[in-house]
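Trainee: Could you take me through the aromatic rings in this one? I'd like a close look at how they sit with their neighbours.

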Amino acid sequence: MIIREMGLGDLPHISQIEQDYPSPWALAQLSSELTYADGISLVAEDESGIIIGWCSARFAAPEAELLKIAVHHDRRGEGIAGLLLGHLLDALSHKNVETLFLEVRSQNRSALRFYRNHGFIQVGERPGYYADPKDNALIFSKELLIADR
């Protein structure tokens, strides 16, 4: 498996993955992530060159926000999200990011378990933040080690 930067040619595959998630990102949203100078978007590509997962974050050092991690439904449970997160954390640490924040649906038990297992702690809640389906957002953070220190 290869973890690499996301490109325009990856968007149709990522859009397909998004359709399996609540509140999927539209193609225009995905495309706009490629235009941010202070953004990092990565894809996981399998041995046959198929995109099987992706993640995106924006940063303004010393903070960053994880916007999304998504894995193709047939490939969940294989550690792909963890690999994407690891590469993202490394990239952010090289950008002098000290704290990574994220929001997750309060009813998304597998995501909550994933983030807690990767050292994130809950620091807040936003009632009624999500629509379709309606849900609260839990805010998590993780302290990063800066690569140059």
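**A close look at the aromatic rings**

Mentor: Sure, and keep in mind that this is a predicted model. The structure holds 4 aromatic pairs. A pair of aromatic rings is described by the distance of the centres and the angle of the planes, so let's read them that way.

Start with Trp25 and Trp54. Their ring centres are 5.3 Å apart and their planes make an angle of 70°, which is an edge-to-face arrangement. Now look at where the two come from: Trp25 lies in the loop between helix H1 (11-18) and helix H2 (27-33), while Trp54 belongs to strand E3 (residues 51-60). The pair therefore ties together parts that are 29 residues apart in sequence. Both Trp25 and Trp54 are buried.

Next, find Tyr129 and Tyr130. This pair is edge-to-face too, with 5.0 Å from centre to centre and 90° between the planes. Check how much of each residue is covered, though. Tyr129 has a relative accessible area of 44%, so it is partly exposed. Tyr130 comes in at 18%, and because buried means under 20%, Tyr130 counts as buried.

There is also a group of three to pick out: Phe114, Tyr115 and Phe120 form one aromatic cluster. Keep Phe120 in view for a moment, since Lys142 lies over the face of that ring, at 6.0 Å from the ring centre. You can find a charge over a ring elsewhere as well: the charged end of Arg58 sits over the ring of Tyr36, 3.7 Å from its centre.

Now zoom out and see what those rings are set in. The protein has 4 helices and 7 strands, and along the sequence they run in the pattern β-α-α-β-β-β-α-β-α-β-β. Its C-alpha atoms fill a box of roughly 40 × 40 × 30 Å along the principal axes. How does the radius of gyration fit with a compact globule? For 149 residues, such a globule would have a value near 15 Å, and the protein has 15 Å, so the two agree.

The contacts are worth a look too. Take those with a separation of 6 or more: 60% of them are between residues 24 or more positions apart. The Trp25 and Trp54 pair, with its parts 29 residues apart in sequence, is a handy picture to keep beside that number.

Last, the surface. Of the 149 residues, 42% count as buried. The accessible surface comes to about 8,100 Å², and carbon and sulfur atoms make up 50% of that.

Conventions: Residues numbered from 1 in each chain as written. Predicted model: local features only at pLDDT ≥ 70, side-chain atom pairs only at ≥ 80, totals over all residues. Heavy atoms only, no water. Phe/Tyr/Trp six-rings, centres within 6.5 Å; stacked < 30°, edge-to-face > 60°. Buried < 20%, exposed > 50% of the residue type's maximum accessible area, 1.4 Å probe, protein only. Lys NZ or Arg CZ within 6 Å of the ring centre and 35° of its normal. Rg over C-alpha atoms; globule rule 2.2 N^0.38 Å. Contact = heavy atoms within 4.5 Å. Areas by Shrake-Rupley, 256 points an atom, 1.4 Å probe, with all protein chains shown as cover.
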